Amino acid sequence: MNESDVFQLIYGILPAVIVGLVSFYFFHTYSSNEENRRRFLLLREKQKTSLPIRLQAYERLTLFLERISPGKLLFRVEPVAEDVSAYTSLLIANIEQEFEHNLAQQIYVSNECWDYIRTSKNAMISMIRNASGKENVSNPDDLRKVILEAMMEKQSPTEAALGFIKQEVRNLA
C-alpha cells in the first residue's frame, strides 16, 4: 500500500467518522433533553398533588398557633375551680392536646418551620408556668390577667411562628 492509497482510505473513512460523531452528539443531546423533560413533567405532576396537602398542613398549623395564642386560649379554656395549679395544668394540657392532634403535619412542612412551631408551643407553656409561679397570682383570674399583661408588653410566641409560616407559604407559590 502506498501513500496515496492510505490518503484515499483516510478520506473515505473520515466523513463516516465525522457523521458518526455528529450523530452521537445529537442523539446524546436529544436523550438528555428528553430525560430532563420527563423529570420536569413528573415534578410538575408531583407538585399538583402535593401542594394542596402541604397548604392544608400549613393551614392546620396556623389554626393550632391561633388556638394556643394567649388571648384565644385564655378565653376558650375557662377555669373549672379556683385553684391556680389546676387551671395551669388545664391550659398546658389543652396546648399539648392541640399539639398532639397536629403532630403528623410535620412531614409536610420544613424542619425549620416545625422547629418554630415546637418552640412556640414550649414558650407558651413556659410563659404559663412562669405566670402561675408569681406571688400576686392567687386565683385563675389573676393568672389570666398576668398572662394577658405580659402579652401587652411583648410579642406572643405564636406571632413569630405565624410570621414564619406566612413567609414559607409565600415561597411555595
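Why are Glu35 and Arg39 separated by about one helical turn? Because they sit four residues apart in helix H1. I'll come back to that pair in a minute, but first some housekeeping.

What you have up there is a predicted model, where local features need pLDDT of at least 70, side-chain atom pairs count only at pLDDT 80 or more, and totals for chains, interfaces and linings use all residues. Residues are numbered from 1 along each chain as its sequence is written, and side-chain values use heavy atoms, with hydrogens and water left out.

Okay, helix H1. It covers residues 3–68; helices here are DSSP runs of H or I, at least four residues, strands are runs of E, at least two, and both are numbered from the N terminus. Back to Glu35 and Arg39, then. They form a salt bridge, with the closest N and O atoms 3.7 Å apart. By salt bridge I mean a side-chain nitrogen of Lys or Arg within 4 Å of a carboxyl oxygen of Asp or Glu. Glu35 is partly exposed at 33% relative accessibility, while Arg39 is exposed at 53%. The cut-offs there: buried is under 20% relative accessible area, exposed is over 50%, and partly exposed is in between, with a 1.4 Å probe and protein chains only.

Right beside them is another pair, Glu34 and Arg37, whose side chains meet in a salt bridge at 3.0 Å, N to O. These two are three residues apart in H1, so again about one helical turn separates them. Glu34 counts as buried at 18%, whereas Arg37 is partly exposed at 41%.

One more pair: Glu66 and Lys72, with a salt bridge whose closest N and O atoms are 2.7 Å apart. Glu66 is partly exposed at 27%, and Lys72 is partly exposed too, at 45%. As for shared partners, salt bridges join Glu35, Arg38 and Arg39 into one network. Over the whole structure, the search finds eight salt bridges.

Staying on H1, have a look at the nonpolar surface patch. Which residues make it? Val6, Phe7, Ile10, Tyr11, Leu14, Ile18, Val22, Tyr25 and Phe26, and together they give about 910 Å². Patch residues have over 30% relative accessible area and no salt bridge; nonpolar side chains (Val, Leu, Ile, Met, Phe, Trp, Tyr) are joined within 5 Å, and like charges within 9 Å. The areas come from the Shrake-Rupley method with a 1.4 Å probe, and for residues only the protein chains shown count as cover. Take Val22 from that list: it's partly exposed, at 38%.

Further along H1 you reach Arg54, partly exposed with a relative accessible area of 27%. Its C-alpha atom is 8.5 Å from that of Gln105, and those two are 51 residues apart along the chain. Leaving aside neighbours within four places in sequence, Arg54 is in contact (heavy atoms within 4.5 Å) with Tyr108 and Leu172. With Tyr108, a polar atom of the Arg54 side chain lies 3.0 Å from the backbone oxygen.

Now the inside. The largest nonpolar core has 33 residues, and Leu65, Leu91, Ile117 and Leu143 touch the most other members. A core here is a set of buried Ala, Val, Leu, Ile, Met, Phe, Trp, Tyr and Cys residues joined through side-chain atoms within 4.5 Å. H1, H2 (70–76), H3 (84–101), H4 (111–132), H5 and H6 each supply at least two residues of this core, and H4 gives the largest share, eight residues. Leu91, for example, touches Leu73, Leu74, Val77, Ile128 and Leu143, not counting residues up to four places away.

Two buried polar residues to finish. Arg144 lies in H5, residues 140–153, and is buried at 15%. Its side chain makes a polar contact with the side chain of Tyr87, at 3.2 Å. A polar contact is a pair of N or O atoms within 3.5 Å; within protein, one must be able to donate a hydrogen and the other to accept it, and residues adjacent in sequence count only if both atoms are side-chain atoms. Beyond four places in sequence, Arg144 touches Leu74, Phe75, Val77, Glu78, Pro79 and Tyr87.

And then Ser156, in the loop between H5 and H6 (157–172). Buried or exposed? Ser156 is buried, at 11%. A polar contact of 2.9 Å joins its side chain to that of Thr158, and outside the four-place window Ser156 touches Pro70, Met124 and Met151.
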